[in-house]
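Grab a pencil and let's work through a few exercises together. Try each task yourself before you read the solution.

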Amino acid sequence: MIPSGSPKNPRPPADLPPLPPRGEDAHKGTMGRVLIVGGSLGLSGAVILAARATLRSGAGLVTAAIPTQIHSAFESACVEGMSLPLPDDADGTLTAEGLARLELYLGRADALVLGPGLGRSPGTGPLFAGILDVYKGPHLIDADGLWHLARDPRRLADGAAGRVLTPHACEFALLRSALGAAEDDPEFEVDAFARAVPGVILRKGPRTQIAEGVHSVRNSTGNAGMATAGSGDVLSGVIGALLARGDPPFVAARRGAWLHGRAGDRARDRIGEESLIASDLIDELPAAFRELERTQSDR
């Protein structure tokens with residue numbers, strides 16, 4: 001989300017439906033249950049940022065399935081989230097042994113975020129595949145989850161319609177290569193990928209592009225200060241919450257990109273681009289949501 005010359009106060013896309021409302025009888029169980037699977041030793045921050053962003057984006061319940069070795073770090077940094085420590089290997093990455101325990105939580109989740117800080121250990125691959133075999137609801141795959149997905153071209157090509165992929169440029173090149181296209185093939189950009197692969201593709205970067213089937217749009221918010229570690233993990237959390245709250249995947253990706261970029265623009269205006277870090281985006285999400293709500297009430 002790093003467009004140059006974006007409007008000072010861009011309005012959300014006019015064709016987006018209103019955010020699903022909170023009923024007066026709402027409780028945490030009705031506002032969306034999000035399961036995040038990720039984290040590894042040295043990459044605990046990714047799943048922490050994703051979980052905090054999910055909570056700030058209105059999800060009622062967030063559970064992070066994480067390696068046992070980073071359990072304490074997560075519990076200290078995200079007190080509102082719940083954690084599910086799972087078996088890990090000597091390097092602190094998840095293993096397939098955790099799938100049996102995870103299945104109960106997959107059955108309860110309204111949305112799944114798979115990949116932030118997941119790691120690329122050989123033992124994690126079977127867990128990744130097993131999760132996708134079990135879970136059939138709306139889900140987002142990012143970061144190391146995309147790396148595991150690219151290693152299974154059949155699963156990539158035959159994915160579910162409820163899937164959102166959020167690669168940056170290098171990860172997108174990896175996905176294209178998995179489908180047999182050259183990594184720099186100008187004929188196989190986001191639009192062509194979206195026609196070939198089920199689900200939503202959101203390629204992060206300058207004027208983030210979001211496509212599903214024959215539909216393709218560009219995001220209008222964001223700035224160069226968001227080119228910082230963890231920014232994509234925050235985006236994953238925002239979209240995960242919107243999926244759990246009832247947004248269709250294409251709507252969740254578009255709304256989430258706008259909110260994420262708008263939070264980045266507000267952070268830039270407050271502290272400047274050079275000092276912006278991912279947690280600043282989370283701090284500005286409440287104001288971005290208020291802007292979205294005001295726009296909806298004006299329609």
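The exercises below all use this predicted model.

**Exercise 1. Work out how helix α1 and helix α11 are oriented to each other, and which classes of residue make up their contact.**

Step 1: Find the helices. Helix α1 covers residues 44–56, and helix α11 covers residues 278–298.

Step 2: Look at the geometry. The two pack at an angle of about 10°, and their axes are 10 Å apart.

Step 3: Compare with the cut-off. Angles under 35 degrees count as roughly parallel, so α1 and α11 are roughly parallel to each other.

Step 4: List who does the touching. From α1 we have Leu49, Arg52, Ala53 and Arg56. From α11 come Ala278, Ser279, Ile282, Asp283, Leu285, Pro286 and Phe289.

Step 5: Sort them by class. You should end up with seven nonpolar, one polar and three charged residues in the contact of α1 with α11.

**Exercise 2. Find which parts of the chain the salt bridge between aspartate 15 and arginine 254 ties together, and decide for each residue: buried or exposed?**

Step 1: Recall the idea. Side chains of opposite charge can pair when their charged atoms come close.

Step 2: Check the distance. The closest N and O atoms of aspartate 15 and arginine 254 are 2.9 Å apart, and a salt bridge needs them within 4 Å.

Step 3: Place the partners. Aspartate 15 sits in the segment before β1 (33–37), while arginine 254 belongs to helix α10 (residues 249–271), so the pair ties together parts that are 239 residues apart in sequence.

Step 4: Check the accessibility. Aspartate 15 has 54% relative accessibility, so it counts as exposed. Arginine 254 has 10%, so it counts as buried.

**Exercise 3. Describe the salt bridge of aspartate 142 with lysine 204, then look at alanine 143 and arginine 207 in the loops involved.**

Step 1: Start with the pair. The closest N and O atoms of aspartate 142 and lysine 204 are 3.2 Å apart.

Step 2: Place both ends. Aspartate 142 is in the loop between β5 (139–141) and α5 (144–150), and lysine 204 is in the loop between β7 (200–203) and β8 (209–212). That's a link between distant parts of the chain, 62 residues apart. Both residues are buried.

Step 3: Move to alanine 143, in the loop between β5 and α5. This residue has a positive phi of about 55° even though it isn't a glycine. With 18% relative accessibility, alanine 143 counts as buried.

Step 4: Now take arginine 207, in the loop between β7 and β8. Its phi is near 50°, again a positive value in a residue other than glycine. At 40% relative accessibility, arginine 207 counts as partly exposed.

**Exercise 4. Which residues does threonine 166 touch, leaving aside its neighbours within four places in sequence?**

Step 1: Locate threonine 166. You'll find this residue in the loop between β6 (163–165) and α7 (169–178).

Step 2: Decide how accessible the residue is. Threonine 166 has 1% relative accessibility, so it counts as buried.

Step 3: Collect the contacts. They are Leu140, Ile141, Asp142, Leu146, Glu171, Leu202, Lys204, Ser236 and Ile239. Did you spot both partners of the salt bridge from Exercise 3, Asp142 and Lys204, in that list?

Step 4: Add a distance. The C-alpha atoms of threonine 166 and threonine 208 are separated by 10.0 Å, with their positions 42 residues apart along the chain.

**Exercise 5. Compare arginine 245 with arginine 255: which one has a salt bridge?**

Step 1: Take arginine 245, found in helix α9 (residues 231–245). This residue is buried yet has no salt bridge.

Step 2: Use the cut-off. The nearest side chain of opposite charge, glutamate 293, is 6.5 Å away, and a salt bridge needs a distance within 4 Å.

Step 3: See what arginine 245 does touch. Among its contacts are Leu19, Pro20, Met31 and Phe289.

Step 4: Turn to arginine 255. Its side chain meets that of aspartate 247 in a salt bridge, at 2.8 Å from N to O.

Step 5: Check both partners. Aspartate 247 counts as buried at 5% relative accessibility, and arginine 255 is buried too, with a relative accessible area of 1%.

**Exercise 6. How many salt bridges does a search of the whole structure find?**

Step 1: Count across the structure. The search finds 15.

Step 2: Look for a network. Arg262, Arg266, Arg270, Glu284 and Glu291 are linked in one.

Note on methods
Residues numbered from 1 in each chain as written. Predicted model: local features only at pLDDT ≥ 70, side-chain atom pairs only at ≥ 80, totals over all residues. Heavy atoms only, no water. Helix = DSSP H or I, 4+ residues; strand = E, 2+ residues; numbered from the N terminus. Buried < 20%, exposed > 50% of the residue type's maximum accessible area, 1.4 Å probe, protein only. Lys, Arg positive; Asp, Glu negative; His and termini not counted. Contact = heavy atoms within 4.5 Å. Axes fitted to C-alpha atoms, helices over the stretch in contact; angles between N-to-C directions. Parallel < 35°, antiparallel > 145°, perpendicular 65-115°, else oblique. Nonpolar A, V, L, I, M, F, W, Y, C, P; charged D, E, K, R; others polar.
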